[in-house]
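Grab a pencil and have a go at these exercises on empty space and helix packing. Try each task before you peek at the solution.

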Amino acid sequence: MTQATTDPRPLYREALAWATELIAGVRRDQLTASTPCTEFDVRALLGHHVAGVEIARIIGEGGDPSAAPTIVTGISDDDFVAAYRSATDRMLPAWTDDRLDAEVTAPWGTVPGRVAIWVYIIETLVHGWDLATATGQPAESRPELAEAVLAVAQHAIPAEPRGGQMPYGPVVTPSAQAGPTEQLANWSGRVSA
(Lines give C-alpha, C1' and ligand atoms only; values in the text may rest on other atoms or scores of the structure.)
Protein backbone atom coordinates (compact mmCIF):
# COMPACT_ATOMS: atom_id res chain seq x y z
CA MET A 1 0.00 0.00 0.00
CA THR A 2 1.45 3.34 -1.01
CA GLN A 3 0.25 6.83 -0.35
CA ALA A 4 0.65 7.71 -4.04
CA THR A 5 -1.83 5.15 -5.38
CA THR A 6 -4.20 4.18 -2.58
CA ASP A 7 -7.47 5.95 -1.92
CA PRO A 8 -6.97 6.81 1.75
CA ARG A 9 -10.56 7.93 2.41
CA PRO A 10 -11.89 4.56 3.66
CA LEU A 11 -8.96 4.31 6.07
CA TYR A 12 -9.56 7.88 7.23
CA ARG A 13 -13.24 7.11 7.87
CA GLU A 14 -12.22 4.08 9.91
CA ALA A 15 -9.64 6.08 11.89
CA LEU A 16 -12.23 8.78 12.58
CA ALA A 17 -14.76 6.18 13.77
CA TRP A 18 -12.15 4.69 16.14
CA ALA A 19 -11.31 8.15 17.49
CA THR A 20 -15.02 8.88 17.97
CA GLU A 21 -15.34 5.78 20.17
CA LEU A 22 -12.34 6.88 22.22
CA ILE A 23 -13.70 10.40 22.63
CA ALA A 24 -17.01 8.93 23.79
CA GLY A 25 -15.12 6.91 26.42
CA VAL A 26 -13.54 9.92 28.13
CA ARG A 27 -14.93 10.68 31.58
CA ARG A 28 -15.27 14.24 32.91
CA ASP A 29 -12.79 13.53 35.71
CA GLN A 30 -10.13 12.70 33.07
CA LEU A 31 -10.25 16.03 31.21
CA THR A 32 -7.33 17.54 33.09
CA ALA A 33 -5.16 14.40 32.95
CA SER A 34 -1.83 14.59 31.15
CA THR A 35 -1.31 12.74 27.86
CA PRO A 36 1.70 11.21 26.09
CA CYS A 37 1.53 14.27 23.79
CA THR A 38 3.08 16.62 26.35
CA GLU A 39 1.61 19.72 24.68
CA PHE A 40 -1.94 18.70 25.65
CA ASP A 41 -3.96 17.58 28.61
CA VAL A 42 -7.00 15.45 27.72
CA ARG A 43 -9.34 18.46 27.21
CA ALA A 44 -6.87 20.21 24.89
CA LEU A 45 -6.25 16.95 23.02
CA LEU A 46 -9.99 16.58 22.43
CA GLY A 47 -10.08 20.14 21.07
CA HIS A 48 -7.07 19.30 18.88
CA HIS A 49 -8.90 16.24 17.50
CA VAL A 50 -11.81 18.47 16.47
CA ALA A 51 -9.45 21.08 15.02
CA GLY A 52 -7.65 18.44 12.94
CA VAL A 53 -10.89 17.41 11.27
CA GLU A 54 -11.84 21.05 10.69
CA ILE A 55 -8.45 21.70 9.07
CA ALA A 56 -8.85 18.59 6.89
CA ARG A 57 -12.21 20.01 5.74
CA ILE A 58 -10.68 23.38 4.87
CA ILE A 59 -7.94 21.66 2.88
CA GLY A 60 -10.44 19.43 1.07
CA GLU A 61 -12.54 22.46 0.15
CA GLY A 62 -9.48 24.12 -1.39
CA GLY A 63 -9.08 26.69 1.37
CA ASP A 64 -6.04 27.89 3.27
CA PRO A 65 -5.83 26.30 6.71
CA SER A 66 -3.20 28.69 8.05
CA ALA A 67 -5.72 30.76 10.01
CA ALA A 68 -7.53 27.76 11.50
CA PRO A 69 -6.93 27.05 15.20
CA THR A 70 -5.00 23.93 16.14
CA ILE A 71 -7.24 23.50 19.19
CA VAL A 72 -10.96 24.19 19.12
CA THR A 73 -11.93 25.71 22.46
CA GLY A 74 -15.28 26.58 23.93
CA ILE A 75 -16.69 23.06 23.61
CA SER A 76 -18.57 22.10 26.76
CA ASP A 77 -17.32 19.03 28.60
CA ASP A 78 -20.30 16.98 27.44
CA ASP A 79 -20.16 18.00 23.79
CA PHE A 80 -16.81 16.71 22.48
CA VAL A 81 -18.35 13.67 20.79
CA ALA A 82 -21.04 15.78 19.10
CA ALA A 83 -18.46 18.37 18.01
CA TYR A 84 -16.21 15.66 16.56
CA ARG A 85 -19.06 13.93 14.73
CA SER A 86 -20.29 17.25 13.36
CA ALA A 87 -16.80 18.18 12.15
CA THR A 88 -16.45 14.74 10.53
CA ASP A 89 -19.85 15.00 8.83
CA ARG A 90 -18.86 18.37 7.33
CA MET A 91 -15.36 17.24 6.32
CA LEU A 92 -15.98 13.94 4.52
CA PRO A 93 -17.99 15.41 1.59
CA ALA A 94 -15.15 17.85 0.86
CA TRP A 95 -12.91 15.00 -0.25
CA THR A 96 -14.43 14.16 -3.63
CA ASP A 97 -12.59 11.95 -6.13
CA ASP A 98 -11.17 14.95 -7.98
CA ARG A 99 -9.60 16.34 -4.77
CA LEU A 100 -7.36 13.28 -4.27
CA ASP A 101 -4.83 14.26 -6.92
CA ALA A 102 -5.47 18.00 -6.89
CA GLU A 103 -2.79 20.18 -5.36
CA VAL A 104 -4.01 21.40 -1.96
CA THR A 105 -2.65 23.82 0.59
CA ALA A 106 -1.77 22.06 3.84
CA PRO A 107 -0.17 23.63 6.92
CA TRP A 108 3.21 22.25 5.82
CA GLY A 109 3.01 23.18 2.11
CA THR A 110 1.36 22.32 -1.19
CA VAL A 111 0.79 18.58 -1.70
CA PRO A 112 -1.58 16.26 -3.55
CA GLY A 113 -4.85 15.81 -1.67
CA ARG A 114 -4.27 12.15 -0.93
CA VAL A 115 -0.99 13.02 0.82
CA ALA A 116 -2.80 15.49 3.05
CA ILE A 117 -5.36 12.83 3.94
CA TRP A 118 -2.62 10.35 4.85
CA VAL A 119 -1.11 12.91 7.22
CA TYR A 120 -4.46 13.36 8.93
CA ILE A 121 -4.92 9.58 9.22
CA ILE A 122 -1.52 9.36 10.91
CA GLU A 123 -2.47 12.23 13.21
CA THR A 124 -5.83 10.66 14.04
CA LEU A 125 -4.31 7.32 15.02
CA VAL A 126 -1.38 8.78 16.95
CA HIS A 127 -3.56 11.22 18.88
CA GLY A 128 -6.11 8.45 19.34
CA TRP A 129 -3.38 6.37 20.94
CA ASP A 130 -2.48 9.38 23.12
CA LEU A 131 -6.09 9.73 24.21
CA ALA A 132 -6.58 6.02 24.86
CA THR A 133 -3.36 5.80 26.85
CA ALA A 134 -4.24 8.88 28.93
CA THR A 135 -7.74 7.64 29.72
CA GLY A 136 -7.11 3.92 30.22
CA GLN A 137 -8.94 2.77 27.10
CA PRO A 138 -7.80 0.04 24.67
CA ALA A 139 -5.11 1.81 22.64
CA GLU A 140 -4.97 -0.39 19.55
CA SER A 141 -7.04 0.30 16.46
CA ARG A 142 -7.77 -2.52 14.03
CA PRO A 143 -4.33 -4.06 13.35
CA GLU A 144 -4.62 -3.95 9.55
CA LEU A 145 -5.49 -0.25 9.67
CA ALA A 146 -2.57 0.60 11.95
CA GLU A 147 -0.14 -1.57 9.94
CA ALA A 148 -1.08 0.21 6.70
CA VAL A 149 -0.72 3.62 8.32
CA LEU A 150 2.56 2.66 10.00
CA ALA A 151 4.02 1.60 6.64
CA VAL A 152 3.09 4.96 5.13
CA ALA A 153 4.42 6.87 8.14
CA GLN A 154 7.75 5.05 8.04
CA HIS A 155 8.07 5.94 4.37
CA ALA A 156 6.85 9.53 4.63
CA ILE A 157 8.26 10.67 7.99
CA PRO A 158 12.04 10.37 8.13
CA ALA A 159 13.66 8.98 11.27
CA GLU A 160 15.96 12.01 11.28
CA PRO A 161 15.99 14.91 11.61
CA ARG A 162 13.23 15.41 14.17
CA GLY A 163 12.09 18.58 15.90
CA GLY A 164 11.81 22.08 14.44
CA GLN A 165 10.15 21.82 11.04
CA MET A 166 9.71 18.06 11.56
CA PRO A 167 7.22 18.13 14.47
CA TYR A 168 7.97 14.67 15.84
CA GLY A 169 10.12 13.51 18.70
CA PRO A 170 12.94 11.02 18.20
CA VAL A 171 11.83 7.55 17.13
CA VAL A 172 11.21 5.31 20.15
CA THR A 173 12.07 1.62 19.91
CA PRO A 174 8.81 -0.29 20.44
CA SER A 175 8.53 -2.86 23.18
CA ALA A 176 8.37 -6.50 22.12
CA GLN A 177 4.63 -6.60 22.83
CA ALA A 178 3.73 -3.30 21.14
CA GLY A 179 0.87 -3.54 18.67
CA PRO A 180 0.93 -1.62 15.37
CA THR A 181 -0.90 1.45 16.74
CA GLU A 182 1.61 1.75 19.56
CA GLN A 183 4.43 1.21 17.05
CA LEU A 184 3.02 4.10 15.01
CA ALA A 185 2.97 6.23 18.15
CA ASN A 186 6.56 5.19 18.87
CA TRP A 187 7.58 6.13 15.30
CA SER A 188 6.05 9.53 15.99
CA GLY A 189 8.18 9.92 19.11
CA ARG A 190 5.73 8.77 21.77
CA VAL A 191 7.13 6.85 24.71
CA SER A 192 5.01 3.88 25.78
CA ALA A 193 3.64 3.85 29.29
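The exercises below deal with a predicted model.

**Exercise 1.** Work out how much space lies in the largest pocket and which helix gives the largest share of its lining.

*Solution.*
- Start with the volume: the largest pocket holds about 1,100 Å³ of space.
- Next, look at its wall, which is made of 36 residues; closest to the centre sit Val119, Glu123, His127, Pro167 and Tyr168.
- Now sort by helix. At least two lining residues each come from α2 (42–60), α4 (113–135) and α5 (143–156), and α4 takes the largest share with eight.
- Finally, sort by class: 22 of the lining residues are nonpolar, 11 polar and three charged.

**Exercise 2.** Find the largest cavity and say which residues line it.

*Solution.*
- Count first: there is one cavity of 30 Å³ or more.
- Its volume is about 70 Å³.
- Then list the lining: Tyr12, His48, His49, Gly52, Val53, Tyr84, Tyr120, Glu123, Thr124 and His127.
- By helix, α2 and α4 each bring at least two of these residues.
- By class, the split is four nonpolar, five polar and one charged.

**Exercise 3.** Check the span of α1 and trace what its buried residues pack against.

*Solution.*
- Helix α1 covers residues 9–24, and its 16 residues reach 22 Å from first C-alpha to last, close to the 22 Å expected.
- Take buried as under 20% relative accessible area. That picks out Arg9, Leu11, Tyr12, Ala15, Leu16, Trp18, Ala19, Thr20, Leu22 and Ile23.
- These buried residues pack against α2, α3 (80–91), α4, α5 and α6 (180–187).

Key. Residues numbered from 1 in each chain as written. Predicted model: local features only at pLDDT ≥ 70, side-chain atom pairs only at ≥ 80, totals over all residues. Heavy atoms only, no water. 1 Å grid on protein atoms, 1.4 Å probe; cavity = no way out; pocket = protein on both sides within 12 Å on 5 of 7 lines; lining within 4 Å. Points joined across faces, edges and corners; volume = space filled by probe spheres on them. Helix = DSSP H or I, 4+ residues; strand = E, 2+ residues; numbered from the N terminus. Nonpolar A, V, L, I, M, F, W, Y, C, P; charged D, E, K, R; others polar. Expected span 1.5 Å × (residues − 1). Buried < 20%, exposed > 50% of the residue type's maximum accessible area, 1.4 Å probe, protein only. Contact = heavy atoms within 4.5 Å.
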